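Got the viewer open and a selection box ready? Let's walk through this one stop by stop, beginning at the ligand.

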Amino acid sequence: MKNFELWNPTRLVFGENRIEEVNKHIPADAKNILLVYGGGSIKKNGIYDDVKKSLLVDRNVVDFSGIEPNPRYETIMKARELAIKENIDFILAVGGGSVIDATKFLCVAIPFTESDPWDIIKKGLGKKVKEAVPFGTVLTLPATGSEMNSGSVVTREETKEKLPFGGPLCFPKFSVLDPRVVASLPERQLVNGITDAFTHVLEQYLTYPAQAPLQDRFAEGILQTLVEIAPQVIANPGDSTLAGNFMWCCTMALNGLIQQGVPTDWATHMIGHELTALYEIDHARTLAIIGPNLYRVMFNNKKDKLVQYGERVWSITEGSEEDRAQATIERTVEFFHSMGIKTRISDYTEDHAEVVKTITSRFEERKWVGLGERGDITLEKVQEIVEMSI
Ligand code: NZQ
Ligand code: ZN
């Protein structure tokens, strides 16, 4: 196991009806609160009313709605203008990963005056920024883990770039996880959430053995739980017990815990983000397209962990190590298919003639020429993975 330092300051408030408590987690001296949300689902399912009811009357609450899935820099800059005008001292994000990620960028962009706030992302200044407006979240979609981590992914419409950033000031002060929010999720978002969380675990587990048996068991525990509850949650999202377990899996998959002391990959995410930027394919679906092909192309690197994952999560024990590792990849694809997730780029768009060239030239420009846990996912490998995925 490698050396590590674990720090996660987010207070997690889990359980049914806990949205009612949101006010008490916001600092008492915060007077001007910006309520950030998406396209309006929270108005239909009652979450907006619950949040509003909780906020004290002596607070000035200003709404900013319209954060889109795969949040846009251009929209966040409008929120920044409003926040500065209204002298906002606390932000409450009510939504899924997109609303929370947008809020993370907003909180560091508000006090950033040195240059265009896009530089925070483009020039990798996320860890260097000294100031941020504090924020909390009410999670409405279990998937990304954004509610308990300091990462964010923002898209710039103008250039069709989707880029990650993050830093210590981007942890939420608190996140409310009320399983009741799952009831109104469309099946598309439920299966996206399961697939995203599942792949988050694989990015941090499906690498090479690192003498970290506890992290392995944490990771396998999340995978097994997701496999077990996925069909039940899809069939019955209104069951708060199932929904709560699903939520907890998603948070645990990317709150920093399971990656401590072990190698991580993340190349599936980096390639997947390009597919969303180019074709607006849902984030989770890009992972189901790319992940299995990445495991095929990087088979020798990942064989030992594929065998372990296959045995412990899918009970694959027959045949040679090679056969078992291959069968494990196929089983993973079947899992995605069983939830109705399609796993080829051409299932989503006909406009893919330039996809390989566009992705490899972007990666080359950004000097992303050695991704993965061993830094050996070269541009040639990326090309092979994307070609296989069409
Ligand atoms: O906009 P509204 O009206 O709220 O509707 C949303 C949106 O259309 C809807 N929704 C959310 N909660 C709902 C609901 N509909 C009914 N009932 C509810 N309770 O769901 C749609 C999708 O929402 P979105 O927030 O976009 O989904 P998700 O949580 O999957 O977030 C995806 C974004 O997170 C990024 C992705 O790249 C993508 O931009 N990620 C962030 C990560 C992080 N910060 O750590 C890690 C991930 O790997 C990922 O990259
Ligand atoms: Zn993800």
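Start by selecting ligand 1 and whatever surrounds it: you should pick up 33 residues, with G38, S41, P69, G96 and G97 the closest. Colour by secondary structure and look for helix 2 (41-44), helix 5 (97-109), strand 6 and helix 7 (187-205), the elements that each put two or more residues into this shell. Helix 5 gives the largest share, four residues. Now recolour the shell by residue class: 22 are polar, nine are nonpolar and two are charged.

Before going on, a word about what you're looking at. This is a predicted model, with an average pLDDT of 97 for the chain and 100% of the residues scoring at least 70. On the global scores, ipTM is 0.99 and pTM is 0.98.

**Zoom out to the domains**

Next, make two selections: 11-180 for domain 1 and 185-389 for domain 2, following the domain assignment. Put a centroid on the C-alpha atoms of each domain and the two centres come out 26 Å apart. Where they touch, domain 1 brings 18 residues to the contact and domain 2 brings 23. On the domain 1 side, highlight strand 6 (151-156) and strand 7 (161-166), as each supplies at least two of the touching residues. That side of domain 1 is a mix of seven nonpolar, five polar and six charged residues.

Where does ligand 1 lie relative to domain 1 and domain 2? Bring the ligand shell back on screen: both domains give residues to it, so ligand 1 lies between them.

**Overlay the annotations**

UniProt has two ranges worth colouring. Its unreviewed entry places "domain: Alcohol dehydrogenase iron-type/glycerol dehydrogenase GldA" at residues 9-179. Select that stretch and you get 27% helix and 25% strand, with the end C-alpha atoms 22 Å apart.

The other range, 193-364, carries the annotation "domain: Fe-containing alcohol dehydrogenase-like C-terminal", also from an unreviewed entry. Switch to it and the make-up is 71% helix and 0% strand, while the end C-alpha atoms sit 31 Å apart.

**Three single-residue stops**

First up, K78. Select helix 4 (residues 73-85) and you'll find K78 in it. Is K78 buried or exposed? Count the other C-beta atoms within 10 Å and you get 12; exposed means 12 or fewer, so K78 is exposed. While you're there, draw a C-alpha to C-alpha distance from K78 to F64: it reads 9.0 Å, for a pair 14 residues apart in sequence.

Now a pair of backbone oddities for your Ramachandran plot. Most residues other than glycine have a negative phi. Go to E280, in the loop between helix 10 (267-279) and helix 11 (283-297). E280 isn't a glycine, yet its phi is positive, about 60°. Its 13 C-beta neighbours inside 10 Å make E280 partly exposed.

Last stop: S315, in the loop between helix 12 (299-314) and helix 13 (321-338). S315 has a positive phi too, about 55°, and is not a glycine either. What does the neighbour count say about S315? There are 9 C-beta atoms inside 10 Å, so S315 counts as exposed.

Notes
Residues are numbered from 1 along each chain as its sequence is written. Chains are lettered from A and ligands numbered from 1 in the order in which they are written. This is a predicted model: local features need pLDDT of at least 70, side-chain atom pairs count only at pLDDT 80 or more; totals for chains, interfaces and linings use all residues. UniProt positions are given in the numbering used here, feature names are shortened, and annotations may be inferred rather than shown by experiment. Domain bounds come from an automatic or database domain assignment. Two residues are in contact if their C-beta atoms, placed from the backbone, lie within 7 Å. Ala, Val, Leu, Ile, Met, Phe, Trp, Tyr, Cys and Pro count as nonpolar, Asp, Glu, Lys and Arg as charged, and the others, Gly among them, as polar. A residue is near a molecule or strand if its C-beta atom, placed from the backbone, lies within 6 Å of it. pLDDT is the predictor's confidence in each residue, from 0 to 100. A residue is buried if 20 or more other C-beta atoms lie within 10 Å of its own, exposed if 12 or fewer, and partly exposed in between; C-beta atoms are placed from the backbone.
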